[in-house]
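The report that follows walks through selected residues of one protein model and then turns to its overall make-up. Please keep the sequence and the structure at hand while reading.

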Amino acid sequence: MVNPPLISEIIAQPQAIAWLPWAVQYFFFIGIAACGALLACWLHWRSPENSRLEGITLFLTLTCAIVAPLALTADLHQPARVWHFYAWPTPWSWMPWGAVFLPLFTLFIGLWFVAFHLQRFTGRRFALNRWITVATALTAVGLLLYTGREVSVVRARPIWFGYTFPLVMFFSALQTLLALLMVDTPTTGRGSRMLGTGQVGGLVLLGITCAVWLSGDTLSSSAFRQWLQLSGRARGFAIIILAVWLCCLTLAVYVSRKGTVRKATIPGVVMAMGLCWLLRWTLLMEVQTVPKFNALVNPYSLPFGSDGWLAIVGTFGLWLALMIVVRESMNWIAGRVQHG
């Protein structure tokens with residue numbers, strides 16, 4: 001008598017997206033803030049004559065450093081669990097290091113901003129300010145490492161698992177920062193051309209990193225190529241990102257040769273921010289639709305509520321409001337000091 005074959009049926013269900021658009025907003029703003037802190041530190045130590053550019057960089061860095069942790073807290077499904085990182089530290093994991101670097105970074109950049117404007121209003125130099133800049137730069141490096149490695153160590157997502165992900169995040173944020181700085185620079189001059197040249201360098205390094213990522217023989221590279229082959233949606237995002245990158249590079253080259261030209265600078269800023277944000281959306285949100293343990297595709301549609309469009313628009317609105325409040329507050333204080 002022949003035993004009937006045993007048939008095992010596995011029922012797989014689509015998995016919900018774990019990281020929401022709040023995470024994209026956090027990665028966007030913290031990348032700009034960390035790059036801004038490093039650039040401002042370099043300006044403070046190597047180019048003290050560029051105090052105006054240092055002040056603009058600190059302004060952008062401070063506003064982004066305030067918005068970023070708020071977006072991260074909103075992404076945590078249980079925000080009150082943040083204190084668990086301090087009560088039960090796990091230094092072998094990257095997550096609790098973020099709970100150390102993020103508040104320290106925000107504190108140091110706030111102290112630096114206050115010290116910078118105190119020096120501007122009073123004319124007095126504070127020796128401690130030089131070491132605050134170093135502490136801020138060190139925490140910025142820690143944030144860049146933490147933000148990149150908390151994603152790229154996830155083995156269950158082969159596309160993330162590699163060292164190129166943090167580099168893509170860094171170079172895309174760097175070119176965005178330089179594009180934003182060109183808005184407040186004079187219409188002509190050596191400084192604006194240097195910023196344009198820096199943005200060209202950042203875009204070229206970003207393109208080289210992405211090319212190495214796609215052509216490599218690592219697990220991440222192989223998974224990335226398979227995703228592009230099998231997903232028409234992924235190919236669509238890749239084409240859009242490539243087109244935006246080419247537009248950014250063209251405008252950056254033009255500005256680097258001609259100086260800051262408003263008709264090229266404003267579109268360049270929009271394109272640079274769009275490129276930075278699209279890369280994060282594609283690599284963080286779209287990759288989550290790739291299944292980890294089954295053959296299904298995890299569907300995702302962007303809702304209109306606080307976990308969707310409202311989160312994205314609201315975060316950028318908060319950033320705009322912060323920039324207006326901080327700028328007007330500084331102008332009011334400067335007017336009070338000037339008129340006694």
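Thr63 is placed in helix α2, and in this predicted model the residue is buried, with a relative accessible area of 0%. Its side chain reaches the backbone oxygen of Leu60 at 2.9 Å, while a second polar contact, of 3.1 Å, joins the side chain of Thr63 to that of Trp319. Thr63 and Trp319 are 256 residues apart along the chain, yet their C-alpha atoms are separated by 6.4 Å. Apart from neighbours within four places in sequence, Thr63 is in contact with Trp319, Leu322, Met323 and Val326.

Helix α2, which spans residues 51–75, also holds Glu54. Is Glu54 buried or exposed? At 4% relative accessibility, Glu54 counts as buried, because the cut-off for that class is under 20%. The side chain of Glu54 makes a polar contact of 3.1 Å with the side chain of His44. His44 also appears among the residues that Glu54 touches beyond four places in sequence, together with Ala40, Leu43, Trp112 and Phe116.

Charged side chains in the interior deserve separate attention. In general, side chains of opposite charge can pair when their charged atoms come close. The structure holds one salt bridge, formed by Arg233 and Glu286, whose closest N and O atoms are 2.8 Å apart. This pair links distant parts of the chain, since Arg233 lies in helix α9 (residues 232–258) and Glu286 in the loop between α10 and α11 (309–338), 53 residues apart. Glu286 counts as buried, at 3% relative accessibility.

Arg280, in helix α10 (residues 262–285), presents another case: this residue is buried yet has no salt bridge, and the nearest side chain of opposite charge, that of Glu150, is 11 Å away. Because a salt bridge requires the nitrogen and the carboxyl oxygen to be within 4 Å, Glu150 at 11 Å does not qualify as a partner for Arg280. What does the side chain of Arg280 reach? It reaches the backbone oxygen of Met169, at 2.8 Å. Not counting residues up to four places away in sequence, Arg280 touches Val24, Phe27, Phe28, Met169, Ser172, Ala173 and Met285.

Helix α6, covering residues 164–181, includes Leu174, and Phe165 lies in helix α6 as well. Phe165 is buried, with a relative accessible area of 0%, whereas Leu174 counts as partly exposed at 22% relative accessibility. Phe165 touches Phe27, Gly148, Val151, Ser152, Trp160, Trp213, Leu283 and Leu284, leaving out residues up to four places away in sequence.

The table below lists C-alpha separations for three pairs of residues.

| Pair | Separation along the chain | C-alpha distance |
|---|---|---|
| Thr63 and Trp319 | 256 residues | 6.4 Å |
| Leu174 and Ile32 | 142 residues | 6.6 Å |
| Phe165 and Gly148 | 17 residues | 6.6 Å |

On the surface, Trp94, Trp97, Val100, Leu104, Leu107, Leu111, Val141, Leu145 and Val153 form a nonpolar patch, with about 700 Å² of accessible area together. Helices α4 (95–122) and α5 (127–152) each supply at least two residues of this patch, and the largest share, five residues, comes from α4. One of the patch residues, Leu107, is placed in helix α4 and is partly exposed, with a relative accessible area of 46%. Patch members need over 30% relative accessible area, so the 46% of Leu107 satisfies that requirement.

For the protein as a whole, the secondary structure comprises 11 helices and zero strands, and the pattern read along the sequence is accordingly written α-α-α-α-α-α-α-α-α-α-α. Of its 340 residues, 46% count as buried. The accessible surface comes to about 17,900 Å², and 69% of that area belongs to carbon and sulfur atoms. Among contacts between residues at least 6 apart in sequence, 77% join residues at least 24 apart. The contact between Thr63 and Trp319 is one example, with their positions 256 residues apart along the chain.

Technical notes
Residues are numbered from 1 along each chain as its sequence is written. This is a predicted model: local features need pLDDT of at least 70, side-chain atom pairs count only at pLDDT 80 or more; totals for chains, interfaces and linings use all residues. Side-chain values use heavy atoms; hydrogens and water are left out. Helices (H or I, at least four residues) and strands (E, at least two) are DSSP runs, numbered from the N terminus. Buried means under 20% relative accessible area, exposed over 50%, partly exposed in between (1.4 Å probe, protein chains only). Contact means heavy atoms within 4.5 Å. Accessible areas come from the Shrake-Rupley method with a 1.4 Å probe; for residues, only the protein chains shown count as cover. Lys and Arg count as positive and Asp and Glu as negative; His and the chain ends are not counted. A polar contact is a pair of N or O atoms within 3.5 Å; within protein, one must be able to donate a hydrogen and the other to accept it, and residues adjacent in sequence count only if both atoms are side-chain atoms. Patches are made of residues with over 30% relative accessible area and no salt bridge: like charges are joined within 9 Å, nonpolar side chains (Val, Leu, Ile, Met, Phe, Trp, Tyr) within 5 Å.
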